[in-house]
Every structure is written in structure tokens, then in C-alpha cells.
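The exercises below ask for a reading of one protein chain, moving from a single residue to the packing of helices. Please work through each task with the model open before turning to the solution.

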Amino acid sequence: MSVLIKIAVDAMGGDNSPKKIVEGIIHHHKSNKNVFYKLFGEENNIKNLIEGKIPKSNYGIVNTTEKVSSEDSPLGGAKKGKKTSMWLAIESVKNKDCDIVISAGNTGALLVISKLNLKMIENIDKPALSALWPNKKGMSVVLDLGANIECSSKNLFDFYLQKSCKKYFYLIYY
């Protein structure tokens with residue numbers, strides 16, 4: 001039996017949430033059966049969208065009606081507090097309930113709340129966001145997708161160091 005990867009999902013982040021978020025989870029589950037999705041958001045809405053689409057053993061819902069909106073400033077999103085779907089999803093990684101967190105929500109708030117809750121790699125000044133990027137042989141993981149407006153040469157080198165901590169990261173500069 002394989003170990004389930006536990007993904008914390010901010011189901012209220014992004015446009016058309018939670019519908020688009022749940023659709024993405026259902027699509028992901030089709031080719032990734034060893035994942036448990038812990039969804040943070042409005043329980044009744046999420047339940048109506050996901051029930052019967054993937055097995056109940058592959059997801060759980062943590063009810064919260066508070067969320068960080070795309071109009072919030074990064075600090076304003078963090079000030080909304082510890083009851084938002086984004087904060088609780090990030091906190092579940094901090095508490096080792098989940099392995100990773102995903103959010104399609106407010107990027108600035110995601111970085112601020114993550115920095116408040118999660119430890120940075122020693123001597124790294126700025127976190128880097130990652131995303132999958134298609135290439136001719138499959139997919140690469142790209143670091144720093146514009147979340148950092150100003151980057152020094154040290155920051156760029158730090159992103160490389162973050163990459164080297166995990167064998168599957170690739171740093172691409174264009």
C-alpha cells in the first residue's frame with residue numbers, strides 16, 4: 001500500500017471558487033489516486049461539488065466561511081486572520097497535517113501568510129513561488145513567477161539554492 005500524499009487546498013481562493021478548484025481536484029484525482037485532499041472553505045458548497053466524483057477516503061473538508069479576496073492587499077489578507085481558508089490551509093502544513101498547500105488565491109497574501117507560518121530555509125531572504133511549466137520532454141517546475149518585484153543577485157542565487165534542495169526543481173531564466 002502506498003502512502004497518501006496530503007494536499008491542503010485553499011478551496012476559496014481564485015476566481016469562480018470553489019467550483020473551479022473542485023473541478024481541478026477531480027481532474028487531478030483521475031491520474032493520482034494516492035492523494036488525500038484536505039479542502040478549506042464553505043463545506044456545503046464544496047460537498048455539493050465533490051460528492052460522488054471522488055471517493056470520500058480521498059478528501060476531507062474543513063468548514064470556513066472567511067476568505068482572503070483578490071482585492072485584499074498582502075498585509076490586509078494576512079490581517080483577516082486565522083479563520084480564513086488560506087491561513088488554515090497553510091497552518092495545516094505547519095502542523096504537519098498536510099504535506100503541501102495549494103491556492104489559486106491572492107498571491108501576495110499567500111506569500112505573507114506563508115512567511116508568517118512556515119520556516120524559511122536558512123539564509124534565504126525571499127520565498128519563491130513555483131509552477132509546472134511544459135517542456136518538450138514533460139514538465140519542469142519553475143521558481144519565482146513574478147511574485148518578487150525586485151530581486152538582487154543574491155535572491156536569484158537563493159532561488160537556485162531552494163531548487164537544489166529538491167531534485168525535481170528546475171530553475172529556468174528567460
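**Exercise 1.** Which backbone nitrogen does the side chain of T64 reach? Place T64 in the chain and describe its surroundings.

*Solution.* The model is predicted, and the contact is therefore read from computed coordinates. The side chain of T64 reaches the backbone nitrogen of E66, at 3.4 Å. As to its place, T64 sits in the loop that runs between strand 3 (59-63) and helix 3 (74-79). With a relative accessible area of 6%, T64 is buried, since buried means under 20% relative accessible area. Leaving aside residues up to four places away in sequence, T64 touches F40, G41 and E42, and also K83, T84, S85 and L88.

**Exercise 2.** Summarise the chain as a whole, giving its order of elements and the share of its residues that count as buried.

*Solution.* Begin with the inventory, which comprises 6 helices and 6 strands. Read from the N terminus on, these elements follow the order β-α-β-α-β-α-α-β-α-β-β-α. The chain has 174 residues, of which 37% count as buried. Finally, among contacts between residues at least 6 apart in sequence, 54% join residues at least 24 apart.

**Exercise 3.** Identify the residues with the most contacts inside the largest nonpolar core, and trace which elements give two or more residues to this core.

*Solution.* The largest nonpolar core has 15 residues, and those with the most contacts inside it are I25, Y37, L39, I46, I50, I54 and Y59. Two or more residues come from each of strand 1 (5-10), helix 1 (19-31), strand 2 (35-41), helix 2 (43-50) and strand 3. Helix 1 gives the most to this core, with 4 residues. Another core lies apart from it and has 8 residues, among them A78, W87, I90 and L110. Returning to one of the residues named above, I54 touches I25, I26, H29, Y37 and Y59, not counting residues up to four places away in sequence.

**Exercise 4.** At what angle do helix 1 and helix 2 pack, and which residues make the contact?

*Solution.* Two packed helices are described by the angle between their axes and the distance between the axes. Here helix 1 and helix 2 pack at an angle of about 40 degrees, and their axes are 10 Å apart. That angle makes helix 1 oblique to helix 2. The crossing of the two helices is right-handed. From helix 1 the contact is made by K19, V22, I25 and I26, and from helix 2 by I46, L49 and I50.

**Exercise 5.** How many of the 10 residues of helix 4 are buried, and against which elements do the buried residues of helix 4 and of helix 5 pack?

*Solution.* Because 7 of its 10 residues are buried, helix 4 is largely enclosed by the rest of the structure. The buried residues are S85, M86, W87, A89, I90, S92 and V93, and they pack against strand 1, strand 2, helix 3, strand 4 and helix 5. Helix 4 is followed by K96, whose phi is positive, near 65 degrees.

Turning to helix 5 (residues 107-117), its buried residues are A109, L110, L111, I113, S114 and N117. These pack against helix 3, helix 4 (85-94) and strand 4 (100-103). At the start of helix 5, a side-chain oxygen of N106 reaches to within 3.1 Å of the backbone nitrogen of G108.

Conventions:
Residues are numbered from 1 along each chain as its sequence is written. This is a predicted model: local features need pLDDT of at least 70, side-chain atom pairs count only at pLDDT 80 or more; totals for chains, interfaces and linings use all residues. Side-chain values use heavy atoms; hydrogens and water are left out. Buried means under 20% relative accessible area, exposed over 50%, partly exposed in between (1.4 Å probe, protein chains only). A polar contact is a pair of N or O atoms within 3.5 Å; within protein, one must be able to donate a hydrogen and the other to accept it, and residues adjacent in sequence count only if both atoms are side-chain atoms. Contact means heavy atoms within 4.5 Å. A nonpolar core is a set of buried Ala, Val, Leu, Ile, Met, Phe, Trp, Tyr and Cys residues joined through side-chain atoms within 4.5 Å. Axes are lines fitted to C-alpha atoms, for helices over the stretch in contact, and angles run from 0 to 180 degrees between N-to-C directions. Angles under 35 degrees count as roughly parallel, over 145 as roughly antiparallel, 65 to 115 as roughly perpendicular and the rest as oblique. A crossing is left-handed if the near helix is turned anticlockwise from the far one by less than a right angle, and right-handed if clockwise.
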